[in-house]
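Student: I should be grateful for a close look at how the strands are arranged in one part of this model. Would you please explain that part in a single connected account?

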Amino acid sequence: MNAPLKRWLCLGCGFSYDESLGLPEHGLAPGTRWADVPDDWVCPDCGTPKSQFEMVEMGYAEGGADLARIA
Amino acid sequence: MPKSFVLRANERGHDVIYSDGSASSYVAGHPGSYIARDSSFNFHQYQSGRPGFGTVRVFGDEVFNGAGCGYNMHPHHNFIICAFVLEGELTHINTAGRGTVDQLRQGDYYVFSAGSGGKHCELSISPENMNAIYLWLMPGQLYLPPSYHRAHFDIRTRRNRIAQLVGDADGALPVSQDLRVSRLVTDRAGRFTYTPRTPEHGVYVFVAEGGATVNDVALARRDSLGISGVEALAIEAPDSSDIFFVETAMLDDARIRAWEKAHGADLLD
Ligand SMILES: [Zn+2]
């Protein structure tokens, strides 16, 4: 339940999904776990399937989290 | 502990993507254009191979066939995308910074760090086909400021030595990753040594032209070798060879580890 929130990267284009930020513009509320993202969900930028995202342990560049919040 | 794999030219993923039909918004140049892509690692349709090597996720050997062929304007984030033009001309329109229209010819190469977001379009507008090597790298951080750098590798003046194109050497294009790309073009047979920063770094060696023997492994045109855990690589190259070296930090990557385990590919030398 308190597992750290994770980040995932689309291997088709590099779009990132951040569990803590969700994708409010695309109907995923902040805090939505990757496991709870529908299996038929695809990358909003390139259409790559969910299975072709890779979990990444990477921090944001300065100011990056604010930009990701509105992606 | 040394680990290595050999990938022969014909063992790569092979995709042909036409400029009409389902990929028409992706591929430019209808009618009659198509992109032929040989992927060393899993990419798009090709998903039955190795997921990557260190920070490298894509190593594509691509040919744009037919006038006007290429990729229409499309978005990227985060990945660091490099292209090295081997033949033909690549017109590259990129939104990074204030935007760039670049024309790359044989020996030219670019490093596009997509970071917080950028779009690009790549076209072959000359009558001849365009062949380039594409390299996609995991960045060091997410949402870096987008950047675009380009340079020229002068095949005439930099022959018969290993020259660094991307990395921390003088004159190399910078990259926000623990990575170096070097190139060796020969016009006479010779022996060379490639020394990675540390033995923990991996080196992916790709023979673009000619051949090479690397630590006693014979490689033909478009064959490649990934190796880590060695102090140095001993290379024997015949005349007229063109060899790329991609040196990368070896991330502890769950996808790559799982693939190696499932395929018995975690071989010791
Ligand atoms: Zn994508």
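Tutor: What follows concerns the sheets of chain B and, at the end, the contact with chain A.

This is a predicted model, in which local features need pLDDT of at least 70, side-chain atom pairs count only at pLDDT 80 or more, and totals for chains, interfaces and linings use all residues. Residues are numbered from 1 along each chain as its sequence is written, chains are lettered from A and ligands numbered from 1 in the order in which they are written, and side-chain values use heavy atoms, with hydrogens and water left out.

Two terms are needed at the outset. Strands are DSSP runs (E, at least two residues), as helices are (H or I, at least four), and both are numbered from the N terminus. Two strands are said to pair if DSSP finds at least two bridges between them. In general, the strands of a sheet pair through backbone hydrogen bonds, either parallel or antiparallel.

One open sheet of chain B has 6 strands, in the order β1-β20-β17-β22-β15-β14, and its pairing is antiparallel. At its edges stand β1 (3–7) and β14 (162–166) of chain B; each has a single partner strand, so one side of each is left without a neighbour in the sheet. On average, neighbouring strands of this sheet are turned by 20° against each other, direction ignored. Such angles are taken between axes, which are lines fitted to C-alpha atoms (for helices, over the stretch in contact); they run from 0 to 180 degrees between N-to-C directions.

Within this sheet, β15(B) deserves particular attention. Strand β15 (residues 179–186) of chain B is joined by 8 bridges to strand β22 (residues 241–248) of chain B, and the two run antiparallel. In this pairing, R183(B) has F244(B) of β22(B) as its bridge partner. With β14(B), strand β15(B) forms 4 bridges, again antiparallel, and here V166(B) stands opposite V181(B).

How many of the residues of β15(B) are buried? The count is 8 of the 8, so the strand is largely enclosed by the rest of the structure. Buried means under 20% relative accessible area, exposed means over 50%, and partly exposed lies in between (1.4 Å probe, protein chains only). Both faces are covered: L179(B), V181(B), R183(B) and V185(B) are buried on one side, and R180(B), S182(B), L184(B) and T186(B) on the other.

A further open sheet of chain B has 4 strands, in the order β16-β21-β18-β19, with antiparallel pairing. Its edge strands, β16 (190–194) and β19 (217–219) of chain B, each pair on one side only. Here neighbouring strands are turned by 25° against each other on average, direction ignored. The edge strand β16(B) pairs with strand β21 (residues 233–237) of chain B in the antiparallel sense, over 5 bridges. One residue of β16(B), R191(B), has E236(B) of β21(B) as its bridge partner.

Finally, chain B meets chain A. The contact, defined by heavy atoms within 4.5 Å, takes 20 residues from chain B and 24 residues from chain A. The two chains bury about 1800 Å² between them, with 59% of it on carbon and sulfur atoms. Buried area is the accessible area (1.4 Å probe) that two parts lose on being put together, summed over both. L11(A), E54(A) and M58(A) supply 27% of the area that chain A buries against chain B, more than any other three residues.
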